[in-house]
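Student: Could we go through this structure slowly, and could you explain the terms as they come up?

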Amino acid sequence: MNARAYAPAPDTEDDVGAWLKILSKYRQPRFGRSSFELLVTVLPFAVLWAGAYISVFLGFPIGLILVLPAAAFLLRLFMIQHDCGHGSFFARRRLDNWTGRVLGVLTLTPYDYWRRAHAAHHASAGNLDERGVGDITTLTITEYQALPWSRRLAYRLYRHPLVMFGIGPAWLFLFKQRLPFGMMGSGALPWISTMATNLAIAVLAALMIWAIGLVPFLLVHLPIVLIAGAAGVWLFYVQHQFEETHWSKTEDWQFPESALHGASHYDLPLVLRWLTGNIGIHHVHHLSSRIPYYRLPEVLRDHPELAGIGRITLWQSIQCVKLVLWDEKSRKLLSFRDAAKAAKTS
């Protein structure tokens with residue numbers, strides 16, 4: 001056996017809590033690596049953004065194809081902001097927080113507001129009694145059947161792919177995050193952060209519009225934001241909305257089990273893994289959110305038994321779009337059609 005042999009891993013089904021201790025040694029970030037990750041994400045984003053603008057300026061609209069990779073790097077900047085929110089990027093609170101706040105101006109995501117909501121998501125993911133903060137609204141079959149037809153229609157529209165991955169991200173990033181509703185009892189910081197972020201966004205946008213003009217700015221930046229936002233919502237969706245996910249009521253809910261089995265391992269191709277900051281290794285991230293994203297592959301390398309838990313491929317993730325209702329009997333997410341069949345046989 002390799003000299004770096006590890007103690008036998010706990011059974012992933014019966015003793016998931018033991019993984020918390022095993023994963024603790026991966027929590028320390030490397031300052032140089034984190035700085036490098038930030039640099040190789042910010043610089044390509046700036047270059048691609050400038051390239052898209054230059055193509056517009058020179059009258060070569062074909063160059064707007066550069067908004068696609070620019071959006072991918074903006075998404076990666078959000079993943080860095082995400083790690084900052086967990087205190088896992090530099091593991092220095094002030095540096096993490098201010099890095100996250102600056103990146104929030106680019107990602108249109110007020111850092112302190114988002115950080116509070118995301119912490120609530122991590123603390124309650126998979127708990128049927130604590131849904132609604134920082135997650136995608138998911139109803140049980142019983143709850144859906146009890147709704148009047150108008151609210152059933154509203155839920156169907158909400159879960160429609162055009163709304164979920166098109167209208168929804170635009171609403172979230174352009175409008176909803178401009179005011180931190182839902183944080184009324186969380187003190188002044190989310191409001192201060194949101195207003196400061198809004199002001200910084202307005203100043204930066206005004207300077208860019210002054211420098212290059214309104215139309216070129218919108219032609220370049222708006223598609224980048226919308227594409228990155230849609231991709232971000234898609235990733236968040238498939239990380240928890242898959243058939244074998246985990247939901248339970250408070251009396252049965254346990255954090256380690258919910259983290260390990262309620263989040264997916266979205267096994268993406270290598271390039272997409274890099275661009276998404278390894279966020280597809282989401283079950284490990286939920287179990288130990290202080291692990292820097294660039295160390296998550298180390299966990300799967302050293303503990304390959306984790307790779308098969310909640311694993312979905314790129315093709316399988318597309319099939320997850322139809323899964324919309326939680327069946328408490330079969331403990332699976334079902335489509336509207338399958339949920340109707342399950343309701344008839346119950």
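**Pockets and a surface patch**

Tutor: Let us begin with the second largest pocket, which in this predicted model has a volume of about 450 Å³.

Student: Which residues lie nearest the centre of the second largest pocket?

Tutor: The second largest pocket is lined by 21 residues, and those nearest its centre are Val-105, Leu-108, Leu-204, Phe-217 and His-221. Helix H2 (31-57), H4, H8, helix H9 (189-212) and H10 each contribute at least two residues to that lining.

Student: How do you know that Phe-217 is counted as a lining residue of this pocket?

Tutor: A lining residue must have an atom within 4 Å of a point of the pocket, and Phe-217 is listed in the lining, so Phe-217 has met that cut-off.

Student: What makes up the lining of the second largest pocket by class?

Tutor: There are 18 nonpolar residues, two polar and one charged.

Student: And how much space lies in the largest pocket?

Tutor: The largest pocket holds about 1,100 Å³ of space, and its lining of 41 residues has Gly-134, Asp-135, Leu-172, Gln-177 and Phe-236 nearest the centre. Helix H10 gives the most to this lining, with eight residues.

Student: Why is Val-215 called exposed?

Tutor: Exposed means over 50% relative accessible area, and Val-215, which is found in helix H10, has 54% relative accessibility, so Val-215 counts as exposed.

Student: Which residues make the nonpolar surface patch with Val-215?

Tutor: Leu-214, Leu-218, Leu-219, Leu-222 and Leu-226 join Val-215 in a nonpolar surface patch of about 490 Å².

Methods. Residues numbered from 1 in each chain as written. Predicted model: local features only at pLDDT ≥ 70, side-chain atom pairs only at ≥ 80, totals over all residues. Heavy atoms only, no water. 1 Å grid on protein atoms, 1.4 Å probe; cavity = no way out; pocket = protein on both sides within 12 Å on 5 of 7 lines; lining within 4 Å. Points joined across faces, edges and corners; volume = space filled by probe spheres on them. Helix = DSSP H or I, 4+ residues; strand = E, 2+ residues; numbered from the N terminus. Nonpolar A, V, L, I, M, F, W, Y, C, P; charged D, E, K, R; others polar. Patch = residues over 30% accessible without salt bridge, like charges linked within 9 Å, V, L, I, M, F, W, Y side chains within 5 Å. Areas by Shrake-Rupley, 256 points an atom, 1.4 Å probe, with all protein chains shown as cover. Salt bridge = Lys/Arg side-chain N within 4 Å of Asp/Glu carboxyl O. Buried < 20%, exposed > 50% of the residue type's maximum accessible area, 1.4 Å probe, protein only.
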